[in-house]
Amino acid sequence: MKKYDVIAIGELLVDFTENGISEQGNPLLEANPGGAPCNVLSMLQNLGKKTAFIGKVGQDAFGRMLIEVVKEQGINTDNLLIDDAVPTTLAFVHTEKDGDRSFSFYRNPGADMMLRWNDIHKELLGDTRIFHFGTLSMTDEQIAETTKKAVQEAKNADALISFDPNLRPLLWNDLEDAKRQIWYGISQCDILKISDDEITFLTGTNDIDAGVTKILERYRPALICATMGKHGSKAYYKGESVFCAPFLREDTIETTGAGDTFMACVLNAVLEKGTEALSDEDLMKMLKFANAASSIITTRKGALKVMPQKQEIITVMNNRKRDD
């Protein structure tokens, strides 16, 4: 038996999100704890799973706040370290009228980039059922090396590997390197969550099915989930695909954390059902739950502290049934 259900490595940062206008007409920004890996873990905690995070923050007020918030969510922080020299990464999230986002980052470098292999508690990597990572911990050569060693160590200990590219073009000096690192992640993972934009970036096609086919021609993750925003999601498994319609909401304010919420729900389904014998019904249940959960987070500012509870998700799904 492994001690943890999911361990994640990567960025932990502060998302400054817009929250109104001041009396002087200036945008007001709210400091929300964020970072995709911990967002995923926070949602999993709400679903009753046991998680741990591997990363670094700065020796500053933001870093101390992040450590406390992660602890409050119940995520193990034994390998969440503090860098004395480099500050915590900051992200400024600009929200469009339709709720979509653009980002500005203060990360040159950020403390999350300073994690090194000798910082990692190696015993953690052998004590998890799933190991999760993304590309923000591979934007720089040294943190990429650390991430890849951790992935290999977890694989050697028979953990399932989960990967979400979570592409942020502004953080890459060379987008061809971003493609290489995404292909690396796909080559290693058992569970892939990838957005429609990332599929287009990687494969050059806007057709989701054609893009996934190109991915499967090179590597074969056991389960691929493609997210398409307001157009729903699809799961690809053993040569078959299942589509699930979105849960569109009139009260959506921003999409921060929607993909991470979806990812966590997929991992939750894998933890409960495995990857060996998923039926179409299993895949549809997984996608519906993930889509419903993602719709809830779009109605809230931030993500890590406000992930939906299981009963909230079930209520949204039940309301859909009544409407149908």
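**Sheet, helices and enclosed spaces in a predicted model**

Strands β4 (residues 51-58) and β5 (residues 76-83) pair in the parallel sense, over six bridges. One of the bridge partners is D83 in β5, which is matched with G58. Between the two strands, the chain passes through helix α2 (residues 61-72). This β-α-β crossover from β4 to β5 is right-handed. The model described here is predicted.

The pair belongs to an open sheet of nine strands. Their order is β5-β4-β1-β8-β9-β10-β11-β12-β13, and the pairing is mixed. β5 and β13 (240-244) stand at the edges. Each has a single partner strand, so one side of each is left without a neighbour in the sheet. From one strand to the next, the twist averages 15°. In general, strands of a sheet pair through backbone hydrogen bonds, either parallel or antiparallel. Further along the order, strand β1 (residues 4-9) runs parallel to strand β8 (residues 128-134). Four bridges join β1 to β8. In β8, I130 is the bridge partner of V6.

Two helices lie across this sheet. Helix α1 (residues 36-46) lies across β1, β4 and β8. It runs at about 145° to β4. Helix α5 (residues 175-188) lies across β8, β9 (160-164) and β10 (191-195). The angle between α5 and β9 is about 150°. β8 is thus named in both contacts, with α1 and with α5.

How many of the residues of α1 are buried? The count is 10 of 11, and the helix is mostly covered. The buried residues begin with A36, P37, C38, N39 and V40. L41, S42, M43, L44 and Q45 are buried as well. After α1 comes G48, whose phi is positive, near 85°.

Strand β3 (residues 27-34) contains N32. Is N32 buried or exposed? N32 counts as buried because its relative accessibility is 8%, and the cut-off for buried is under 20%. Leaving aside residues up to four places away in sequence, N32 touches L13, V14, D15 and T17. N32 also touches K301 and G302.

Empty space inside the model was examined next. Rolling a probe the size of a water molecule over the atoms shows where empty space is left. One cavity of 30 Å³ or more was counted. About 70 Å³ of space lies in the largest cavity. Which residues line the largest cavity? Among them are E11, A36 and P37. The lining also includes H132, F133, G134, T135, L136 and S137. D164 and N166 are part of the lining too. α1 and β8 each supply at least two residues of this lining. The largest share, three residues, comes from β8. Two of the lining residues, A36 and P37, are also among the buried residues of α1.

The second largest pocket holds about 350 Å³ of space. The lining of this pocket has 13 residues. N268, A269, E272, K285 and F289 lie nearest the centre of the pocket. Three helices, α8 (258-273), α9 (280-297) and α10 (310-323), each supply at least two residues of the lining. Which helix gives the most to the lining of the second largest pocket? That helix is α8, with five residues.

Notes
Residues numbered from 1 in each chain as written. Predicted model: local features only at pLDDT ≥ 70, side-chain atom pairs only at ≥ 80, totals over all residues. Heavy atoms only, no water. Pairing = 2+ DSSP bridges. Right-handed = clockwise from strand over helix to strand, strands pointing away. Buried < 20%, exposed > 50% of the residue type's maximum accessible area, 1.4 Å probe, protein only. Contact = heavy atoms within 4.5 Å. Axes fitted to C-alpha atoms, helices over the stretch in contact; angles between N-to-C directions. 1 Å grid on protein atoms, 1.4 Å probe; cavity = no way out; pocket = protein on both sides within 12 Å on 5 of 7 lines; lining within 4 Å. Points joined across faces, edges and corners; volume = space filled by probe spheres on them.
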